[in-house]
Amino acid sequence: MAKAQIKELFFRDNTLHLKWFGGRGLNVTERAMRVLITVLTALFLGVLATALLSQLWSNRSQNLIEESRLTLLHAERASQNIRLTAFDNKDGKPLVLDQALLEKSVPMDATEHERFFLLLDGAGNITASMPLHQDWVGQPITSIMGPKFVTETVVNADEMAPTTLATGEDALLVSKNLGTTPGSLIALQKKDVVMAIWRNSVAKLTSLFVVTFFVLVLLAGAFHWQAGKALDADEMLNHATGRLDTALEGGACGLWDWNLMADKIFWSKSMYDILGLAPNGEYLSFREFANRLHPDDERLDYLIDELLRGKRKIFDQEFRMRHENGSYVWLRARAALAKGHASNDPHLVGIVFDISRQKKLDAMNREAELRLKDAVENISEAFVLWDTESKLVLCNSKYQQFHSLPADVCEPGTPYGVVTAASKEPVVQQFVSAELNETSGARSMEVQFADGRWLQINERRTKDGGFVSVGTDITALKRQEEHLLDSERNLMMTVRDLQKERQLAEEQSQRLADLADKYASEKTRAEAANRSKSEFLANMSHELRTPLNAIIGFSEIMAQAMFGPLGAPKYDEYANDIRKSGQFLLDVINDILDMSKIEAGKVDLEFADVQLSGLVDEVMRLVASRAAESKINIDRELKRIPSFRADKRALKQVFINLMSNAVKFTPEGGTITIRAAHDGRIVQFQIIDTGIGIPPEDIEKLGRPFEQVENQFTKTRSGSGLGLAISKSLVEMHGGTLVITSYEGQGTTVTVELPFIQERATQAA
């Protein structure tokens, strides 16, 4: 029943595969099988040893019981025989307890296993023994059994009683009476003899167990040894199979073995990889194989039938099979018929190559060949290619037209002589000597025909020994060459004219160089004079400020009449004029001194945190009174600006100069607007007035030292003209810019942009 349920049993990859109907099956690896057999063998030996020990111990007790039972039976029979003899004695004489009576009464086989039978008379003396023991006959029983025999021995007991002989040996005995005859019968058996029988059986069973143990150990060892050899063989086979699979995968090919009778195909792992399939056993049915064949390819079963009928000697066929992703793979199979190793069934054994890449390359080559032919056909040159045997490989229609060749001669493979014989060469009017390269065999020539056309023919040797010839129409190039020759002659004449002009240019260049030297010398003198001017102004400014301070101070004392009235009112007016003139002159001198310091580079900026709103408030306190006198309205449009790093004194001076100019040039009733904003990178503020404005052409003059828009004859406002120059210089020393935008009669806008710096770091301009 179990065999009928088994579906498949096989050993592969060091694994025992057992499948049965109605179940999933069982897979046992070779290593697990070895461990299982070892465990089962050890378990069997352990169980066998346990059972043997139990049996031996049971046999020991059973042997004692069996020997005692036999001894009791023999003693009982012998005593009965003696009683019967006494009963049959008709003469009435007492029965003689001698050796003959004992031998007649004791059965023949009763003395086995060293059983002794003794006859005792009424006095307890031994009258006979069987087997005969002369040393015992005539001796009292106590000399053999010891003095306790008489008191401890039970007569007619149901079992053997243990006792100790006079020699110290353990023994078993039983005593039987003789009925009316005085005396008794003793059956005696040494315990060592009884145990010797048991030990003999123990030795036999032990020998059998030892033999069984060694046989099983040898079988298990042989199994392990054979399994080890099989494992080594499997490893070698797997290693060889792995190398074969690697070689097959690297070569994009696979092995197959087609059992034509069993309709099964053995596939190597690489075959599954080629088709993108997961290995599903080593065998594939023909139906699964045929379902993947392309329907347009020739049927393989017809080809195999021809092979079996002897119409084909080998199987060499290209076909397509469906890949797992749905595409088709081109395969080429080469196989031959062979006999099976276990039967005479025909097998188709061979190798399969993946030629998909080759097919793609062939298609690409055909496409490239078509493109090459199309390109050669469409070029403007006459093209011809010959092989190593001087046979035509390829030519285009222009070559055919040029040589007036018939179409049948232009077929590939036509010999060179046939082509030249059929060609009609055009009439040559002029031939230019050819250039020959002896190393490469290349040759080039130019030919002019009777119709005026020029043709350049280039011939080159190919790597395989053939040669290629290309004829190019160079008529246009020849004409261009003639034009170039004419142009060259004209160019030579132009070059001569240019050489004359060049000589004149060199003379002018020398004069310009002399003028440049003079200019450099004058520039040096001017810079020295400018430095002298700045130093002079700085020194004179200091010299002039001292008396001016005294003049201003005394004029203020006189105007305020600190020491009493001057007398005439006119003196008060003169004192005020003196104070104003002195103050104006002091401001001019201060501006000159500041400008001279800036030009001399002696102004150092001291950066600190500046709050723009507070700075504007300070400037407003200085210029607000003058703006109020002129009835000028000042609007402030200041957004909230965080403090930033700048020189507060210099920035304040810039504001004062710009606001003073705005007040100065804005008529009564005008407006001055102050705006300020920042974007995180720069701080921008503007001063916008509605004053007289500045003509556009005069704006570029502003900012230069001592430059004013009005000249000394037309100016209506007093001043040194240094305010804007000082302001612009101070702004630029901050890294900023000052830009003036103005239109005459529409007002002026001055825009100042400064870097918005907040980190605390000392900077110097």
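**Exercise A. A hairpin**

Task: Establish in which sense strand β6 (residues 161-164) and β7 pair, and over how many bridges.

Solution:
- The model is a predicted one, in which local features need pLDDT of at least 70, side-chain atom pairs count only at pLDDT 80 or more, and totals for chains, interfaces and linings use all residues. Residues are numbered from 1 along each chain as its sequence is written, and side-chain values use heavy atoms, with hydrogens and water left out.
- Helices (H or I, at least four residues) and strands (E, at least two) are DSSP runs, numbered from the N terminus. Two strands count as paired if DSSP finds at least two bridges between them.
- β6 and β7 are antiparallel and share 4 bridges; Pro162 stands opposite Leu172 in β7.
- The hairpin of β6 and β7 has 5 residues between the strands, and Gly168 takes a positive phi near 90° in this hairpin.

**Exercise B. The sheet with β9 to β14**

Task: Give the strand order of the open sheet of 6 strands, and state which strands stand at its edges.

Solution:
- The order is β11-β10-β9-β14-β13-β12, and the pairing is antiparallel.
- β11 (283-285) and β12 (315-322) are the edge strands; each has a single partner strand, so one side of each lacks a neighbour in the sheet.
- From one strand to the next, the twist averages 30°. For such angles, axes are lines fitted to C-alpha atoms, for helices over the stretch in contact, and values run from 0 to 180 degrees between N-to-C directions.
- Within the sheet, strand β9 (residues 253-259) is joined to strand β10 (residues 264-267) by 4 bridges, and Asp257 stands opposite Phe266 in β10.
- Helix α9 (residues 300-308) packs on the sheet and touches β9, β12, β13 (328-339) and β14 (346-354), its direction making about 160° with that of β12. Contact here means heavy atoms within 4.5 Å.

**Exercise C. Salt bridges**

Task: Identify the residues linked with Glu76 in a network of salt bridges, and state which secondary-structure elements hold Lys176 and Glu76.

Solution:
- A salt bridge requires a side-chain nitrogen of Lys or Arg within 4 Å of a carboxyl oxygen of Asp or Glu. The search of the whole structure yields 17 of them.
- Glu76 and Arg83 meet in a salt bridge at 3.8 Å, N to O. Lys176 also forms one with Glu76, the closest N and O atoms being 3.0 Å apart.
- Lys176 lies in strand β7 (residues 170-178) and Glu76 in helix α2, so the pair ties together parts that are 100 residues apart in sequence.
- Glu76, Arg83 and Lys176 are thereby the members of the network.
- Burial is classed by relative accessible area: buried is under 20%, exposed is over 50%, and partly exposed is in between (1.4 Å probe, protein chains only). Lys176 is buried at 7%, whereas Glu76 is partly exposed at 27% and Arg83 is partly exposed at 27%.
- Elsewhere, Arg320 forms a salt bridge with Asp297, with the closest N and O atoms 2.9 Å apart. Arg320 lies in strand β12 and Asp297 in the loop between α8 (286-291) and α9, so this pair ties together parts 23 residues apart in sequence. Both Arg320 and Asp297 are buried.

**Exercise D. The mixed sheet and its helices**

Task: Describe the open sheet of 5 strands, and name the strands that helix α17 touches.

Solution:
- The order is β22-β24-β25-β27-β26, with mixed pairing.
- At the edges are β22 (633-638) and β26 (737-743), each pairing on one side only.
- Direction ignored, neighbouring strands of this sheet are turned by 10° against each other on average.
- Strands β25 (residues 682-689) and β27 (residues 747-755) run antiparallel and are joined by 8 bridges; Val683 has Leu754 as its bridge partner in β27.
- Helix α16 (residues 648-664) lies across β22, β24 (671-678), β25, β26 and β27, running at about 20° to β25.
- α17 packs on the sheet as well, touching β26 and β27, and its direction makes about 140° with that of β26.
- Helix α17 (residues 723-733) is mostly covered, with 8 of its 11 residues buried; among them are Leu724, Ile726 and Leu730. Gly735, which follows α17, has a positive phi near 85°.
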